[in-house]
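User: I am new to this structure and would like a close look at a single part, the surroundings of one bound ligand. Please connect that part to whatever else touches on it.

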Amino acid sequence: MANPLYDTLFGRHAGQHTPFLHLPDGGTVTHAEFLSRAARFAHVLSDLGLQAGDRLAVQIDKSADALAVYAACAQAGIIFLPLNPAYTADEVRYFVTDSGAAAFVCQPARRDEMELVAKEAGAKLETLDTQGEGSLAERADGADDNFETVARSADDLAAFLYTSGTTGRSKGAMLTQDNLLSNAKTLVDLWRFTPDDVLLHALPIFHTHGLFVATNVTLVAGGAMIFLPKLDVDQLIEHMPHATALMGVPTFYTRLLDDPRFTRDVAANMRLFISGSAPLLAETHAAFEERTGHRILERYGMTETNMNTSNPYAGERRAGTVGFPLPDVELKITDPKTGETLPDGEIGSIEVRGPNVFKGYWQMPEKTAQELREDGFFITGDLGRRDADGYVTIVGRDKDLIISGGYNIYPKEVELLLDDQPGVLESAVIGVPHPDFGESVVAVLVAKRGAELDLDQITADLGGALAKFKQPRKLIVLPELPRNTMGKVQKNMLRARYGDLFQPQT
Ligand code: MLC
Ligand code: AMP
């Protein structure tokens with residue numbers, strides 16, 4: 001029976017005893033082994049009562065098993081909803097509840113903490129760790145390794161990925177099988193992936209970049225991955241001579257360049273370095289070429305759309321640009337106020353349309369209508385221009401968003417928590433340049449009249465509520481926030497004032 005996502009990514013490798021995953025301990029998982037494990041998980045999920053169209057939320061560490069749960073969802077037609085393990089129980093509660101997840105898989109060590117979350121959401125709770133332990137793994141060990149693939153169509157939903165919202169409430173982006181597949185196939189052709197490719201995979205697998213771009217592209221091409229738990233420069237350098245491609249956020253490249261052991265020789269077997277999820281500085285691009293002889297290929301994407309543009313494989317990979325729209329993606333630059341298309345060279349709102357563009361936000365028809373036009377164009381919230389020769393450059397954001405090390409932080413979410421702190425009258429959260437993370441979070445606070453702010457207490461309170469990467473690296477107290485004549489907080493003035501907070505002192 002047909003299930004395009006499962007068949008195209010996974011089923012096509014049935015019976016193949018060639019390596020799919022190379023693990024850092026020297027172990028290997030073949031395609032056949034991976035598919036058996038996925039089938040076992042699919043049995044467990046259906047025994048738990050999950051049916052096609054149900055949501056499975058997972059908040060687990062990266063491992064071959066974690067990836068097999070993704071494959072199991074594809075095979076059983078279950079909507080996969082991966083979550084960052086850094087999220088606190090408060091953050092997770094919202095995702096599990098809002099998505100109406102039928103089951104939630106967490107780390108065994110956090111079972112007690114998550115019991116209430118699952119109970120409140122009416123979701124079954126299971127656990128899985130990276131060592132093959134946990135209730136889900138135990139059930140899978142005893143399950144049949146043959147699962148009859150559930151029929152789905154290309155238009156059925158495959159995944160929900162939550163993206164933070166400007167109002168502070170996260171939105172579940174609904175992605176169909178075809179959104180994922182069309183993009184993966186396009187990228188395989190564009191980036192010339194083949195069964196001979198070995199991708200060095202050090203990204204997390206709960207976001208578009210590591211899950212859909214890196215993994216799906218490798219699976220469609222029939223290649224293999226060196227599957228590392230996280231970014232660790234020692235491991236990248238150790239494994240790179242056995243790899244052909246790397247995908248990373250800009251921090252990957254700045255950290256590699258910071259290490260003198262990373263040389264042209266180490267990169268000699270590589271054919272392609274890809275960067276995305278945040279802007280790659282032109283100076284990083286140049287330094288990388290000087291060190292390795294490789295020009296990094298920068299591309300641009302989003303949770304809602306997968307990839308939209310890419311620098312060319314064979315033509316000029318132009319530093320500071322994100323290249324051309326993908327062959328099946330239409331891109332226009334519009335006036336943010338009127339929506340009119342602007343001529344080449346002018347800066348405006350980036351809008352995209354194509355088979356990659358998501359279905360909308362889960363149970364948020366109004367938010368969907370604000371960003372997804374009836375004619376299918378999605379308003380990305382990024383500002384950019386297209387030059388006469390077609391290269392697209394992102395010049396900024398029309399949305400109040402901070403990107404730190406490739407993770408998105410919406411200031412509103414942090415501000416709402418800060419405003420609730422004792423003695424705080426108001427707050428403004430901004431992103432300022434950071435040498436390692438690109439941008440970092442800074443909070444500016446104003447105290448209520450006569451109040452004395454306890455910054456240590458505020459930091460501690462935020463710690464319990466917010467994932468570490470969203471927490472301000474610095475709290476600053478000012479008598480008042482700069483405002484324009486309309487009373488709007490002028491964050492650009494704050495960004496200018498604190499722009500060199502994290503710059504190395506010379
Ligand atoms: C970790 N920390 C971060 C952070 N990552 N803080 C801010 N921003 C981040 N991105 C915290 C840790 O909790 C830790 O806190 C401290 O910073 C130092 O941790 P580290 O060891 O240096 O972090 P590390 O594990 O090395 O992680 C850094 C990183 C990682 C950049 C490698 O964040 C990462 O893999 N980012 C990739 C994100 C990604 O995949 N984005 C794609 C989104 S999809 P402490 O104080 O406890 O030490 C998308 C679409 C598209 O955007 O176009 O691709
Ligand atoms: P996310 O919602 O996590 O998918 O983040 C998507 C956002 O990351 C985009 O809207 C852009 O603002 C940003 N982004 C992704 N790729 C790039 C890139 N190559 N250059 C600049 N910004 C990027």
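What is the distance between a nitrogen atom of ligand 2 and a polar backbone atom of Ser277? Please start there and then work outwards.

Analyst: The distance is 3.1 Å, between a nitrogen atom of ligand 2 and a polar atom in the backbone of Ser277. The model is predicted, and the values below are computed from it.

Two further contacts of ligand 2 can be set beside that one. Glu298 places a polar atom of its side chain 2.9 Å from a nitrogen atom of the ligand. Thr303 uses its backbone instead: a polar atom there is 2.6 Å from an oxygen atom of ligand 2. The ligand on its own would expose 500 Å², and 92% of that area is buried by the protein. Two elements each supply two or more residues to the shell around it, namely strand 13 (297-302) and strand 20 (392-397). Of these, strand 13 contributes the most, with five residues.

The shell as a whole holds 16 residues, and the closest to ligand 2 are Arg299, Thr303, Asp382, Lys399 and Asn408. Sorted by class, seven of the shell residues are nonpolar, four are polar and five are charged.

Ser277 leads on to the other ligand. The side chain of Ser277 has an N or O atom 2.6 Å from an oxygen atom of ligand 1, while the backbone of Ser277 supplies the 3.1 Å contact with ligand 2. Ligand 1 has 23 residues around it, and those that come nearest are Arg255, Ser277, Arg299, Ser404 and Gly405. Arg299 is thus listed among the closest residues for ligand 1 and also for ligand 2.

Two more side chains reach ligand 1. A polar atom in the side chain of Lys468 is 3.1 Å from an oxygen atom of the ligand. In the side chain of Arg473, a polar atom lies 3.0 Å from a ligand nitrogen. Ligand 1 taken alone exposes 1,000 Å², of which the protein buries 76%. Helix 8 (208-221), helix 10 (250-257) and strand 13 are the elements that each give two or more residues to its shell. Strand 13 has the largest share here as well, with three residues. The shell of ligand 1 divides into nine nonpolar, nine polar and five charged residues.

Both strands named for ligand 2 belong to sheets. Strand 13 is part of an open sheet of nine strands, ordered 2-1-10-9-11-12-13-14-15, in which the pairing is mixed. At the edges stand strand 2 (28-30) and strand 15 (324-325), each paired on one side only. In the sheet order, strand 14 follows strand 13. Strand 14 (residues 306-310) joins strand 15 through two bridges in the antiparallel sense. In that pairing, Thr309 faces Pro325 of strand 15.

Strand 20 lies in another open sheet, made of four strands in the order 16-17-19-20 with antiparallel pairing. Strand 20 is one of its edge strands, and strand 16 (330-334) is the other; each pairs on one side only. From one strand to the next the twist averages 45 degrees.

The partner of strand 20 is strand 19, to which five bridges join it, running antiparallel. One of the matched pairs is Gly384 with Ile394 of strand 20. These two strands make a hairpin with five residues between them, and Gly390 in the turn has a positive phi of about 95 degrees.

The rest of this sheet can be followed away from strand 20. Strand 19 (residues 378-386) is joined to strand 17 by four bridges, again antiparallel. Here Val352 has Phe378 of strand 19 as its bridge partner. Strand 17 (residues 348-353) in turn pairs with strand 16 over five bridges in the antiparallel sense. Glu330 sits opposite Arg353 of strand 17.

To return to the starting point: Ser277 contacts ligand 2 through its backbone and ligand 1 through its side chain. Strand 13 gives five residues to the shell of ligand 2 and three to the shell of ligand 1.

Note on methods. Residues numbered from 1 in each chain as written. Chains lettered and ligands numbered in written order. Predicted model: local features only at pLDDT ≥ 70, side-chain atom pairs only at ≥ 80, totals over all residues. Heavy atoms only, no water. Near = heavy atom within 4 Å. Polar contact = N/O pair within 3.5 Å; in protein donor to acceptor, adjacent residues only side chain to side chain. Areas by Shrake-Rupley, 256 points an atom, 1.4 Å probe, with all protein chains shown as cover. Nonpolar A, V, L, I, M, F, W, Y, C, P; charged D, E, K, R; others polar. Pairing = 2+ DSSP bridges. Axes fitted to C-alpha atoms, helices over the stretch in contact; angles between N-to-C directions.
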